[in-house]
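Hi,

Here is the structure I promised to send over. Have a look at it first, and then read on for what turned up.

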Amino acid sequence: MTTTAPAGAQAPAAGPDRIPRPSQGWYRDPETGQKLRRVTTILGQGYPKPELVFWAANLTAADAFATLPSLVSASLRPAEREAAYDWLRKGHIRKKDERGDIGSAVHDLVEAHVLGEPLPEALLNDPDMAPYLENFLQFVAEWDVVFEASEMTVGNFADGWAGKLDYLFRSAPIADRLRVPADTLFIGDTKTGGELDEKGVYPEAGLQMSAYRRAEVAWLRDGSKVPMPAVHSTGIVLHLRPEGYRPHPLLCGDDVYEAFLHVQQVAEFKRVLSKSVVGEALALPATTEERAA
């Protein structure tokens, strides 16, 4: 893909400031000014996740029983009751933030390794991060992984979205398992939640990867914009946990992308049209006396 500038003007120089940055659910292309909806925002607003309701309810119940004496005591003191109630109802937020912190730290470790950069000292000296790094390096060694890109921003101007994929890579052993050529390029994503072999990898990851696969453009680290390389219709989610790792193939082909576009429509309905669907309640019809008056 090429970009052009008006006659007599110079095209903007490449640089990191030419890479779109996420803000409030949007990316904005610094070159064209076009706003692109963030892929994770689309999935968050348009993809139903009923299992999260049960997860939050179970977490609240567990917190209640774990702190039952203090909750009972607080319930008898009006000054403490509201604070205890607020703490209990926000348990799922605390847990989500905790998992988010771990996920972000692991992504930083992975990115540094992929780029051949020194690992961040704060993470390198964190004993909680050590098993994640060890298991990631084991994955790279055991599956002969060769990385092509990491934390790369990609976008689709025609469909109006952008996002940041975790990495692109090649792996002859994975290609062999999937019966595709050894030099096949795959999209990869790392998930750190849930439990190994039980929870942690969900179908919406395939929706996310299907979008990245169908990106029109990718921004390199120097800010230059290039066509998105062709990648396979099966992606790999690396479920990375302190107790081990598992590479999961996820379908992310054109049929999954069509589903993503439906999710995008639902998210757009919630963002815009839903606010005007329900009108004000109708007033009761005037009585005969009122009409006569």
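Below are my notes, going from the whole chain to the details.

First, a caution: this is a predicted model, so please read everything here in that light. The chain has eleven helices and ten strands. Of its 293 residues, 38% count as buried. If you take the contacts between residues at least 6 apart in sequence, 62% of them join residues at least 24 apart.

Now the aromatics. The search over the whole structure came back with eleven aromatic pairs. One of them is F139 with Y245, an edge-to-face pair with 5.6 Å from centre to centre and 70° between the planes. F139 belongs to helix α7 (residues 130-142) and Y245 to strand β10 (residues 244-251), so this pair ties together parts that are 106 residues apart in sequence. Both F139 and Y245 are buried.

Another pair to click on is Y167 with F169, again edge-to-face, at 6.1 Å centre to centre and with 65° between the planes. Why does Y167 count as buried? Its relative accessibility is 1%, and the cut-off for buried is under 20%. F169 has a relative accessibility of 1% and therefore counts as buried too.

These four residues are also part of one aromatic cluster, made up of F136, F139, F147, Y167, F169, F186 and Y245. Try showing those side chains together.

There is also a charge over a ring: K35 lies over the face of W26, at 4.6 Å from the ring centre.

Next, the empty space. How many cavities of 30 Å³ or more does the search find? There is one, and its volume is about 30 Å³. The residues lining this cavity are H107, V110, E111, S150, E151, D166, Y167 and T190. You will recognise Y167 from the aromatic cluster. Helix α5 (91-115) and strands β4 and β5 (161-171) each supply at least two of the lining residues, and the largest share, three residues, comes from α5. By class, the cavity lining divides into two nonpolar, three polar and three charged residues.

Then there is the second largest pocket, which holds about 240 Å³ of space. It is lined by 14 residues, and those nearest its centre are S150, E151, W219, L220 and R221. S150 and E151 are on the list of residues that line the cavity as well. Which element gives the largest share of this pocket's lining? That is strand β4 (residues 145-156), with six residues. The classes in the pocket lining are seven charged, five nonpolar and two polar residues.

Last, a residue on the outside. A230 sits in the loop between β8 (225-227) and β9 (234-241). Is A230 buried or exposed? With a relative accessible area of 71%, A230 is exposed, because the cut-off for exposed is over 50%. Its C-alpha atom is 8.7 Å from that of R214, a residue 16 positions away along the chain.

If you only have a few minutes, I would start with the aromatic cluster around F139 and Y167, then turn to S150 and E151 in the pocket.

Cheers

Conventions:
Residues numbered from 1 in each chain as written. Predicted model: local features only at pLDDT ≥ 70, side-chain atom pairs only at ≥ 80, totals over all residues. Heavy atoms only, no water. 1 Å grid on protein atoms, 1.4 Å probe; cavity = no way out; pocket = protein on both sides within 12 Å on 5 of 7 lines; lining within 4 Å. Points joined across faces, edges and corners; volume = space filled by probe spheres on them. Helix = DSSP H or I, 4+ residues; strand = E, 2+ residues; numbered from the N terminus. Nonpolar A, V, L, I, M, F, W, Y, C, P; charged D, E, K, R; others polar. Buried < 20%, exposed > 50% of the residue type's maximum accessible area, 1.4 Å probe, protein only. Phe/Tyr/Trp six-rings, centres within 6.5 Å; stacked < 30°, edge-to-face > 60°. Lys NZ or Arg CZ within 6 Å of the ring centre and 35° of its normal. Contact = heavy atoms within 4.5 Å.
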